[in-house]
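Let's take a walk through this structure together. Have the sequence and the model at hand, and we will stop at a few places along the way.

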Amino acid sequence: MGLTIVALPGDGVGKEVVSSSLRVFQECVSKHGIDVQLEEYKIGGQALEEYGEPLPDFVLEACKSSRIILLGAVGDDRYDNNPPHLRPEQALLRLRKELGLFANLRPVRTNAALLESSPLKASIVEGVDILIVRELTGGIYFGEPRGIETRAEGRVGINTEVYFDYEVERIARVAFEASQGRRQRLTSVDKANVLESSQLWRTVVSELSPDFPKVALQHMLVDNCAMQLIARPKDFDVLLASNLFGDILSDEAAMLTGSIGMLPSASLGESSAQGRIGMYEPVHGTAPDIVGQEKANPLATIASVALLFRYSLGRDDIGREIEYAIEKTLERGYRTPDIATEGGHLLGTQEMVDQVLEALHS
Ligand code: IPM
Ligand code: MG
């Protein structure tokens, strides 16, 4: 049976970075003789415009049957006043939930050629290598009750942080397993001094620890973690966090690398006989201020394609080739505006892709 990959460029710079990364994807599949079909669909603001909803059912079905998805970004301020189910972001949240993508992996590695791009001192960020494992289908993003109501005392906005033990256990397992293949240090983040959901989170993670005797587990309160990530980022190996805490900490961690335009991500489901369903996307958003100006950094999406080869196609070798080509491109001094350094060659989005392809060949 042939493989199909679904591409969902979405809004803003999503379209630019997905078409860029597909150039790298096509190059790799043809070089390695992999037979794949590519399908592309509109989601987010684009789909609202064309179909009146952020994620039409036929697009969701296409994703369910392909099981391999490359996504750009969603969001469009024209729809900011829409009710929640008609906002572009709903496409992303529904995809995550309906495809069961509970494990979001966000690797944060500093690149030797980019140390100057970080607002932090080079001595602090040099050699940082963190894997953020973020829970993606639970917590306050999906908890009930939720909504905005009017009561006698006034208007009230409500969201609920809810975690079942099995939700914590399956994401913790992913994090423990990942640390086994790394430096064997796991930091689990919570707010157990205040929140019951965090107290259960901490208990369940601790209960799993004996299954992974080689991994040193540490619990850290999220406020302290936000500070330690800046103070001593090198000490972190795998960072396990809930949906909300992982969202916030991954943007913070992005600045260790110099730009959020550098961070890839993989969102994975449960392993099954058909393999593991995976969605790959850059951590950055739609960047409306630079749309259509050839200023978007395509590297996060290209690095997401590397993760796609690794996790969905079982081709770690091709993933490494792509990551190496990105490194080489940066070493050669090529830069998009977000990571511009003195003496670097400033390039547009497509020119940057040209250089990555060049590095792949050499
Ligand atoms: C992310 C984004 C999303 C999230 C938004 C766009 C809904 O910030 O993937 O980190 O909050 O999960
Ligand atoms: Mg985010």
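## A walk through the model

We begin inside the protein, where Glu-161, Tyr-163, Val-189, Asp-190, Ser-197, Ser-198, Trp-201, Ser-242 and Phe-245 form the lining of the largest cavity. Keep in mind as you look that this is a predicted model. Two elements each give two or more residues to this lining: the strand β8 (185–190) and the helix α7 (196–208). Of these, α7 gives the most, with three residues. Sorted by class, the lining of the largest cavity holds four nonpolar, three polar and two charged residues. Its volume is about 40 Å³. How many cavities of 30 Å³ or more does a search of the whole structure find? The search finds one.

From the cavity, let's move to the largest pocket. Here the space comes to about 460 Å³. The pocket is lined by 13 residues, and those closest to its centre are Pro-84, Gln-90, Leu-93, Tyr-141 and Arg-146. Where does the largest pocket lie with respect to domain 1 and domain 2? Residues of the lining come from both domain 1 (1–102 + 264–362) and domain 2 (119–257), so the pocket lies between them.

Which elements build this lining? Both α4 (89–98) and β6 (147–151) supply at least two residues each. The largest share belongs to α4, which contributes three residues. By class, the lining of the largest pocket consists of six nonpolar, three polar and four charged residues.

Tyr-141, which we just met close to the centre of the pocket, also leads us to the next stop, as it is one of the residues around ligand 1. The others in this shell are Leu-92, Arg-96, Arg-106, Arg-134 and Asp-247. In terms of class, the shell has four charged residues and two nonpolar ones, with no polar residue.

Three side chains in the shell are worth a look for their distances to oxygen atoms of ligand 1. For Tyr-141, a polar side-chain atom lies 2.5 Å from a ligand oxygen. In the side chain of Asp-247, an N or O atom is 2.8 Å from an oxygen atom of ligand 1. For Arg-134, the distance from a side-chain N or O atom to an oxygen of the ligand is 2.9 Å. How much of ligand 1 does the protein bury? Taken alone, the ligand exposes 320 Å², and the protein buries 75% of that.

Our last two stops are in the backbone. Most peptide bonds are trans, and most residues other than glycine have a negative phi. Against that background, look at the peptide bond from Glu-144 to Pro-145: this bond is cis, with omega near 0 degrees. Pro-145 sits in the loop between β5 (129–135) and β6, and β6 is also one of the elements that supply at least two residues to the lining of the largest pocket.

The other stop is Ala-287, found in the loop between β12 (275–282) and α10 (299–311). Although Ala-287 is not a glycine, its phi is positive, at about 40 degrees.

Notes
Residues are numbered from 1 along each chain as its sequence is written. Chains are lettered from A and ligands numbered from 1 in the order in which they are written. This is a predicted model: local features need pLDDT of at least 70, side-chain atom pairs count only at pLDDT 80 or more; totals for chains, interfaces and linings use all residues. Side-chain values use heavy atoms; hydrogens and water are left out. On a 1 Å grid over the protein atoms alone, a cavity is a set of points where a 1.4 Å probe fits but cannot get out, and a pocket is an open set with protein on both sides within 12 Å along at least five of seven lines; lining residues have an atom within 4 Å of a point. Grid points are joined across faces, edges and corners, and a volume is the space filled by probe spheres set on the points. Helices (H or I, at least four residues) and strands (E, at least two) are DSSP runs, numbered from the N terminus. Ala, Val, Leu, Ile, Met, Phe, Trp, Tyr, Cys and Pro count as nonpolar, Asp, Glu, Lys and Arg as charged, and the others, Gly among them, as polar. Domain bounds come from an automatic or database domain assignment. A residue is near a molecule or strand if one of its heavy atoms lies within 4 Å of it. A polar contact is a pair of N or O atoms within 3.5 Å; within protein, one must be able to donate a hydrogen and the other to accept it, and residues adjacent in sequence count only if both atoms are side-chain atoms. Accessible areas come from the Shrake-Rupley method with a 1.4 Å probe; for residues, only the protein chains shown count as cover.
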